[in-house]
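I opened my notebook for a quiet look through this one. Here is what I looked up, entry by entry.

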Amino acid sequence: MKMRTKLAFGASTLALLIIAGCGGSGTSNPADQLADPTVRFFNASPDTTGLKFFYNNEQLASNLNYFESTPDFQSVDFVLEEDGAIDFSVSDAGTGEELQRDNQVFNRDTHTLIVAIGKQNPGLEFAKGLQQLLIPVDRRPVQGKSRLYILNALVQGQDIENRPITFRTVDPADPLTNNTALFSKSNLEYGAFNANASVLDIDSGTRTFQARASDVDAVVVFAQKTFVFESGKIYFALVGGQMDATATDRQPKIEFFPLSSIN
């Protein structure tokens, strides 16, 4: 009798241990502890007046004018891949007309720039039409350097194909730097982002950058900008505008947008 009692106690204890073990494994998935994704929106479409941006049909930017962005990254809900990808879209702020809709799985612990580029009214030049580009960003500080995420969003003139650019430093006081650059990225295609080709780490301080044509031997400068870069900071280096624009604010230009970092 005593033996049967001892065996029964042992079996009950084992069953409780198994149940406890199963419960513990169900709540210990490290991925569940990661932060929700974050996004930040930019309007780099040179013929728009204002754009609205939506994430999963929720409006997150109400009226972004040309070369404007939302103030910072904002957290958005994570959706499992098996539950379907997230729709993100952009609309004309004045008319409400939807201009582009795409879908994407935004993973946990990721940070993405969603940039509208191209023309809202491209006519028959479909390759220059408005599109949304996703740029993944590593928001951790860069020790002792400044990091640039570079985008070529420069729309060429009528009947001219969009061209690749070289993004490089020059010293305005030293003509020799026209041929040699301290920091440079070449052959940046229009509307394309590559983690290797489009990210540049530089020494901090005052730097002058030019956006030049990459497809000719002659020096063709599209735009130039001098800026003070801080050590450990990250920036979105946007080359935009339209080559044949008559409005001064729509002509080719470079802008550097500081991006907030996280530890």
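My entries below cover sheets, cores, a hairpin and salt bridges in this predicted model.

**Entry 1: the sheet with β1**

I started with the strand order. Four strands make an open sheet, arranged β4-β1-β7-β8, and the pairing is mixed. At the edges I found β4 (74–75) and β8, each of which pairs on one side only. I then checked how β1 meets β4: the two run antiparallel and share two bridges. Val-39 is the residue opposite Gln-74 in β4.

**Entry 2: the sheet with β15**

I traced another open sheet of four strands, in the order β12-β9-β15-β16, again with mixed pairing. Its edge strands are β12 and β16 (253–259), and each pairs on one side only. I looked up the twist too: on average, neighbouring strands here are turned by 25 degrees against each other, direction ignored.

Next I followed β15 (residues 234–240) into β16 and found an antiparallel pair joined by seven bridges. Here Phe-236 sits opposite Phe-257 of β16. I kept Phe-236 in mind for the next entry.

**Entry 3: nonpolar cores**

Which residues touch the most other members of the largest nonpolar core? I found Leu-113, Val-115, Ile-135, Leu-151, Phe-236, Leu-238 and Leu-259, out of 24 residues in that core. The elements giving two or more residues to this core are β1 (38–44), β7 (111–117), β8 (131–136), β9, β15 and β16. A general note to myself: in soluble globular proteins, nonpolar side chains tend to be buried together.

I picked Leu-113 for a contact list, leaving out its neighbours within four places in sequence. Leu-113 is in contact with Arg-40, Phe-42, Phe-73, Leu-133, Leu-134, Ile-135, Val-137, Phe-236 and Leu-259. I also noted another core, apart from the one that holds Leu-113, with 21 residues that include Ile-202, Tyr-235, Ile-254 and Phe-256.

**Entry 4: β2 and its partners**

Is β2 enclosed or open to the outside? I found five of its five residues buried, so β2 is largely enclosed by the rest of the structure. I then sorted its side chains by face. Leu-51, Phe-53 and Tyr-55 lie on one side, Lys-52 and Phe-54 on the other, and all are buried. That split fits a rule I jotted down: in a regular strand, side chains alternate between the two faces of the sheet.

I looked up two partners of β2. With β3, β2 pairs in the antiparallel sense over four bridges, and Phe-54 has Gln-59 as its bridge partner there. With β5 (residues 86–92), β2 is also antiparallel, over five bridges, and Leu-51 stands opposite Asp-92.

**Entry 5: positive phi outside glycine**

The hairpin of β2 and β3 has two residues between the strands, and Asn-56 takes a positive phi near 55 degrees there. Asn-56 lies in the loop between β2 (51–55) and β3 (58–64). Its relative accessibility is 43%, so I wrote Asn-56 down as partly exposed.

Asp-109 also has a positive phi, about 60 degrees, although it is not a glycine. I placed Asp-109 in the loop between β6 (98–104) and β7. Asp-109 is partly exposed, with a relative accessible area of 43%.

**Entry 6: salt bridges**

How many salt bridges does a search of the whole structure find? I got 10, and I noted three of the pairs.

- Asp-201 and Arg-147 form a salt bridge, with their closest N and O atoms 2.7 Å apart. This pair links distant parts of the chain: Asp-201 is in β12 (residues 199–202) and Arg-147 in β9 (residues 146–152), 54 residues apart. Arg-147 has a relative accessible area of 18%, which lies under the 20% cut-off, so it counts as buried. Asp-201, at 30%, is partly exposed.
- Glu-98 and Arg-101 meet through their side chains at 2.9 Å, N to O. Glu-98 is partly exposed at 39% relative accessibility, and Arg-101 is partly exposed at 34%.
- Asp-138 forms a salt bridge with Arg-140, with 2.7 Å between the closest N and O atoms. Asp-138 is partly exposed at 25%, whereas Arg-140 is exposed at 52%.

Terms used: Residues numbered from 1 in each chain as written. Predicted model: local features only at pLDDT ≥ 70, side-chain atom pairs only at ≥ 80, totals over all residues. Heavy atoms only, no water. Salt bridge = Lys/Arg side-chain N within 4 Å of Asp/Glu carboxyl O. Buried < 20%, exposed > 50% of the residue type's maximum accessible area, 1.4 Å probe, protein only. Pairing = 2+ DSSP bridges. Axes fitted to C-alpha atoms, helices over the stretch in contact; angles between N-to-C directions. Core = buried A, V, L, I, M, F, W, Y, C linked by side-chain atoms within 4.5 Å. Contact = heavy atoms within 4.5 Å.
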